[in-house]
Structures are given as C-alpha cells and as structure tokens.
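Trainee: Please pick one part of this model and take me through a close look at it, then follow wherever it leads.

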Amino acid sequence: MKIIKIPEDKYYEYKIQAMFDCYKWDPQFCDSNTLSKHVLILTKKENEEIIKLTKSLDKETRLAEEYLNQNIKIAKKLALPKKILEQIPNMQNYDKNQNIRLMRYDFHPSTDNKWVVTEVNSDCPGGFAESSLLPDIARKTIDRLELEYNSFGEKMVEAINNKLNKKGTIMMVHCTCFSDDRQVMQYLGDRLKKEGYKIIYGAADHIRFKEKRAYCILDNNQVSIDLIFRFTPLEWLIQMKPRRWDGYFNTTTKSCNHPISIYAQSKRFPFVWKDLEKAGISMKTWKQLLPETIEVKDIDIKEGFIYKPVYGRVGERISIKEACKDDEYEKILQDVKKHPKQYLAQKRFQSKPLKSENGKEYHICIGSYTIEGEHAGYYARMSPYPRIDSYAEDIPVLIEK
C-alpha cells in the first residue's frame, strides 16, 4: 500500500473535474481542503485480504442484527434511543429478500502490520461519488491506466435493478438543507435515471405511509414509491415533528437501508457479542479486528483507552488528544463525565502512517462497502492525525492488477 502525489500542474484540473464531473461540489470543510492531492494504491494481495475480511464481517453483522431484531431484551444493551426501542416490535416483518442491505466497514493499517476495524457504518454510509468516479479521473491524472478500481455506484445500480427490474419510482430521502447530503443523492439519482427509474428527491417527512405502503406528498410528485433510499440517519429521523416517521419501521415498501441497520450502528455493538455467541452466532472476525471495547465506568482499571460517542459520525468527539483542536479535548472529557452512557471506551491502537514523496506522513482509513453481502468498492480518507474526522481528505483508491 502506498500513496502517490498528483503532479502539481495537474491538480487544479483534477479538482475542477471532481467538482463538476464527480459531484464533489464543495471540496472544503471550514478553511480546509478535503480533496487529497494523493492517490492510494493497494496491492492485489491487500485488496483480496480486505475483501475477504469485509465479507466475513458482513456475514456476522447481518446474522447478528436479524437475531437482535427478534430478541428485544438483548437489543436493549445497545442503548438504543427510546423511540427506536418502541418500534422494534413493528420491525418483525423485516424481509431481507425484499430490502437492500448496504454497509461500510472502516479499515486502518496498524504499526504491527495488521488491519484494525474501528466501526461499521451500518445505517447511512456516504462517499458514493468519491468511490465511483474519482478513481477514474485520478488514474488518468497520474497516467496509470493499468490500475483498476471497483465502482460502488455500478454495484448499487445492479442491486437495485435486481429488486425493481428497471421499473418504478425511487425516493432519495436526505436532509435537504445540506448540500453535501444532496450531492450524495444527486450522483446516485442521476445514475439511476439512466436506467429508466423515476427519481424524486425529498426529506424524510415528504413521505406518508398508508396501509404500510410509502407515498410521496410533494407537489407534482404525489405517487406511490417503489424504493426508499434513505440517507437521513435514524437518530435524526426520530426527532421529526409531527410524528410521521414510525411508518419507516414497518413499511412493506422496499428500502435501502431498512431501520434494522440501527443495531450495528450503535458503537455498543460489542456488548452483545457474548449473547450472540451463546445463540450460536460466531463473531470471530469482529473480535479479531475491533480493538477492545468497554463501558466508560470500567476505564479506571484500564490504560491506553480513548472515548467514542455511541452514535458518533465522521470522527466527531473521539478523544485522541493530539487530533483535538483548541479546548475540544477538555470538552469531550466533560461531556463523558456528564453523559457516560452516551460514550464507550476503546483501546487505542497505533495507526501506521504512509509517507508521501515529500516525507510527510498521513493516516489512512479505508471504508470497504458491502451490498447484499458482497464487496462493493472503497471510500478512503486521509489525515495528518490518527483521527479521521471532518477535516480529513478524500483520497481515491486504485488497485494493482
């Protein structure tokens, strides 16, 4: 695995292409550039190894969530929001053959030359255009057309075609006030339009449910929906007022993702592994790759642990001190003390940085997608710090033949 720098005289054109051809509309976070000047290259062996581990993790995760969906007492250990716990009885009609299951597992290289997986983005993983379009323009920019890549978008279109047979209406549900959410949906929506689908973009409350079927209520688009593609996280969805979100949990309309995704989205997922293994569900791969994870109350007897929020996203509120800005670290510790059940403690591993050609070191996170249990490409980010957060840069992944 290595990173190659994009030539300085080609980067500007690469960035323009990313913005206008690859849906990377705003390649900034605050004053920081989030479009890397590098390309990540995996060897064939590394690619095969990640794919094998990803598929094994995915098999364990899907078996676990189906079991948890039928055993609410065990599911309570995940500290799910009360409103979601109330909906578990309504999810008993979940049919894995009707819905599309999408996940992304975050892999990190460690200093002991092993892979570490820090979490699964089980509910609403993003990075669709970055993983589907950026690799192609990157390999042309560095003149390495012999390198390969796996397009997430093409894998997702294939999965949707298998469920809908290239017919029907798809609702792209997202937080409509955020342009970065819209760009994720716009890429996939435009690609699906080419297949012949009717695409509607809207917020979660633009859907009504009647007799467990989903209907769009937007002006000029008041139609039945054949597939809900949801990019609004469940913990945000349940805050919607008036209460119109409960239909998402028991609808017979096909979904990607169905709310069953909330079980593995909780970072407390490791706390139910003993119960799962007693029920005959092996969590061997997860136990091999995830750093030791414990309750906050048990950290006094441990050393080398960091805090992570139970429902954190994009690296927010993770207590890696050297990656925190200003007084962020102190504020995290204060919040942990005030709300210990909203956090967990995880053994800190030593991330192995990659050196660029100018000697600067970067830490890498490789998000490995699965769709219906099959590997579906990569979304990677890099940072000068061992925390991959909103300041991290998107880096395309290419694979040696």
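Mentor: Start at the turn of the hairpin formed by β9 and β10: 2 residues sit between the strands, and E211 takes a positive phi near 50°. Keep in mind that this is a predicted model, so local features need pLDDT of at least 70 and side-chain atom pairs count only at pLDDT 80 or more, while totals for chains, interfaces and linings use all residues. Numbering runs from 1 along each chain as its sequence is written, and side-chain values use heavy atoms, with hydrogens and water left out.

The hairpin's two arms are β9 (residues 207-210) and β10 (residues 213-216), antiparallel and joined over 4 bridges. Strands here are DSSP runs of E with at least two residues, numbered from the N terminus, and two of them pair if DSSP finds at least two bridges between them. Across the ladder, F209 faces A214 of β10.

Now for the cysteines. The model has 0 disulfides, a disulfide being a pair of cysteine sulfur atoms within 2.5 Å. C216 is in none, and its nearest cysteine sulfur, in C175, is 16 Å away. C216 has 3% relative accessibility and so counts as buried; the cut-offs are under 20% relative accessible area for buried and over 50% for exposed, with partly exposed in between (1.4 Å probe, protein chains only). C124 also has the sulfur of C175 as its closest, at 8.5 Å, which is too far for a bond. At 10% relative accessibility, C124 is buried as well.

C124 leads us to a void: together with L102, D123, P125, F128, F229, R230, F231, C256 and N257, C124 lines the second largest cavity. A cavity is a set of points on a 1 Å grid over the protein atoms alone where a 1.4 Å probe fits but cannot get out, and lining residues have an atom within 4 Å of a point. This cavity's volume is about 30 Å³, meaning the space filled by probe spheres set on the points, which are joined across faces, edges and corners. Its lining splits into 7 nonpolar, 1 polar and 2 charged residues. In that split, Ala, Val, Leu, Ile, Met, Phe, Trp, Tyr, Cys and Pro are nonpolar, Asp, Glu, Lys and Arg charged, and the others, Gly among them, polar.

There are 2 cavities of 30 Å³ or more, and the largest is about 110 Å³. Of its 15 lining residues, T118, E119, K267, P270 and L290 are closest to the centre. β6 (115-121) supplies the largest share of that lining, 3 residues.

Definitions and conventions. 1 Å grid on protein atoms, 1.4 Å probe; cavity = no way out; pocket = protein on both sides within 12 Å on 5 of 7 lines; lining within 4 Å.
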